[in-house]
Amino acid sequence: MSMSQSYTALRPEFKEALLEAASQFETPFYAYDWPTIQERLERLQKAFPQTEIFYAIKANPRLGLLKRFLERGVFVEAVSLGEVLRAYQAGFRRNEVLLNGPVKTPAMLEALNRIGLPMLGLDSLADLERASRLLPRARVLLRVNPDLPIVTHDHLATGRGESKFGILPEEVGPALELARRSRLEVLGLHIHLGSALEHPEDYQAGYRVMDGLYRTHGPFEVMNLGGGFGLGLDLGALGAQAAALAHKHGAELWIEPGRYLVAEAGVLVTRCWGTKRTRRNYLLIDAGMSQLIRPMLYGAIHPVEPLYHNPRQATYDLAGPACESGDVLARDITLPEPREGDLLAILQAGAYAGSMSSNYLDTPRPLELLWTGQGWEVIRRRQSWEALLEDEL
Ligand SMILES: Cc1ncc(COP(=O)(O)O)c(C=O)c1O
């Protein structure tokens, strides 16, 4: 396979297990390698010692993963009422769940009050004012928009001044005054710069903003430096800088990784159903934008590994089954020429693939499997045809 991007190839044991799974289950399906997730978690824990890790549920919300994270002392970050319900269902307690997100309606806050109030990340003065009115005893963090020129896809940059997230640095003072006049318990400040960040300089710039804010407005119990770690980012140096910063201000360090933990552990398995030539050379596969929207949404490049052999090679665009010309999962990839039914693994699909899947075109959500190291566990059944229709009157 030719690909400009560097990536980690599938572990041979996992690759063999994928072939076995494909002999039992219909494609497309997602498959996750738990030993790889564990290895990523250990790497993160080593880089960020004495840090509270809040796994971002949105990256991959399967209960089968959340329960395993809980067993390993990882907490969770949610951004919707549904994700909080999911976290409680997995067994997390109130003080192990942090709810972020730019819009929290009164109905949502009232529901949280009934089911158990998690910690809240407040994102605007309106959010702060509403929380102080409806949930006066909440434990909260204030999200800061550090107003930095973050380098990533426009849709993934949350720490730029023009993004919809957070309170600008100059508004932190008035926001804290408002919070302190209420009975809210302010735990600290939070930044999350964006997703798929590959430049440590972006984090260092964010850390400098937090340093200034903690000097001016601290002390606080907690410093939340967010997630967004790109798969190739060197976390060693970054973790030490983050820890030193939190320590300097006497705060406990929190981070919120999602993709870093699960992306590389997951694949989307699809079959090849033919080739076709228009003015480009297409390979027709049974997975597309309904199962993996990232190429279309962010121009994301997902490496592809063939699970078959052929010494003859050709270069293809991978065309999905949707009636949408943008439904192409990869472009210009060189692969062994496939026979009908040959299998491909689309890599780095452990994050924001299953969680962003849709029922567009009445496509059922695929099966999700977890390789435990010993065998396969079904962690989500393929959605039934009946389920596609059940909410309609
Ligand atoms: C507030 C917040 N924290 C953490 C994350 C996790 O980001 P990533 O999966 O890139 O680590 C996100 C993702 O969008 C987020 O919005």
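The following exercises, each with a worked solution, concern a predicted model.

Residues are numbered from 1 along each chain as its sequence is written. Because the model is predicted, local features need pLDDT of at least 70 and side-chain atom pairs count only at pLDDT 80 or more, while totals for chains, interfaces and linings use all residues.

**Exercise 1. Environment of Lys58**

Determine where Lys58 lies, whether the residue is buried or exposed, and which residues Lys58 touches.

Solution.
- Step 1. The UniProt record (unreviewed entry) places the feature "modified residue: N6-(pyridoxal phosphate)lysine" at Lys58. UniProt positions are given in the numbering used here, feature names are shortened, and annotations may be inferred rather than shown by experiment.
- Step 2. Lys58 belongs to the loop between β2 (51-56) and α3 (63-71). Helices (H or I, at least four residues) and strands (E, at least two) are DSSP runs, numbered from the N terminus.
- Step 3. Lys58 is buried, because 20 other C-beta atoms lie within 10 Å. A residue is buried at 20 or more other C-beta atoms within 10 Å of its own, exposed at 12 or fewer, and partly exposed in between, with C-beta atoms placed from the backbone.
- Step 4. Leaving aside residues up to four places away in sequence, Lys58 touches Val79, Glu83, Gly258 and Ser355. Contact requires C-beta atoms, placed from the backbone, within 7 Å.

**Exercise 2. The two domains**

Describe how domain 1 and domain 2 are arranged and which elements of domain 1 touch domain 2.

Solution.
- Step 1. The domain assignment gives domain 1 (12-32 + 263-387) and domain 2 (35-259); such bounds come from an automatic or database domain assignment.
- Step 2. The domain centres, taken over C-alpha atoms, are separated by 32 Å.
- Step 3. In the contact region, 18 residues of domain 1 meet 16 residues of domain 2.
- Step 4. On the side of domain 1 that touches domain 2, the elements giving two or more residues are α11 (294-298), β16 (367-371) and β17 (376-380). The largest share, 3 residues, comes from β17.
- Step 5. By class, this side of domain 1 has 9 nonpolar, 5 polar and 4 charged residues. Ala, Val, Leu, Ile, Met, Phe, Trp, Tyr, Cys and Pro count as nonpolar, Asp, Glu, Lys and Arg as charged, and the others, Gly among them, as polar.

**Exercise 3. Strand β16 and its partners**

Explain why β16 is largely enclosed, and state how β16 pairs with β1 and with β17.

Solution.
- Step 1. Strand β16 is largely enclosed by the rest of the structure because 5 of its 5 residues are buried.
- Step 2. Leu367, Leu369 and Trp371 point one way from β16, Glu368 and Leu370 point the other way, and all are buried.
- Step 3. Strand β1 (residues 29-33) runs parallel to β16, joined by 5 bridges; pairing requires that DSSP finds at least two bridges between two strands. Opposite Leu369 of β16 stands Ala31.
- Step 4. With β17, β16 pairs in the antiparallel sense over 4 bridges. Arg380 in β17 is the bridge partner of Glu368.
- Step 5. The hairpin of β16 and β17 has 4 residues between the strands, and Gly373 takes a positive phi near 105° there.

**Exercise 4. Position of Arg93**

Locate Arg93 and decide whether Arg93 is buried or exposed.

Solution.
- Step 1. Arg93 is found in the loop between α4 (81-90) and β4 (97-99).
- Step 2. Arg93 is exposed, because 12 other C-beta atoms lie within 10 Å.
- Step 3. The C-alpha atoms of Arg93 and Glu171 are separated by 32 Å, and the two residues are 78 residues apart along the chain.

Definitions and conventions. Two residues are in contact if their C-beta atoms, placed from the backbone, lie within 7 Å.
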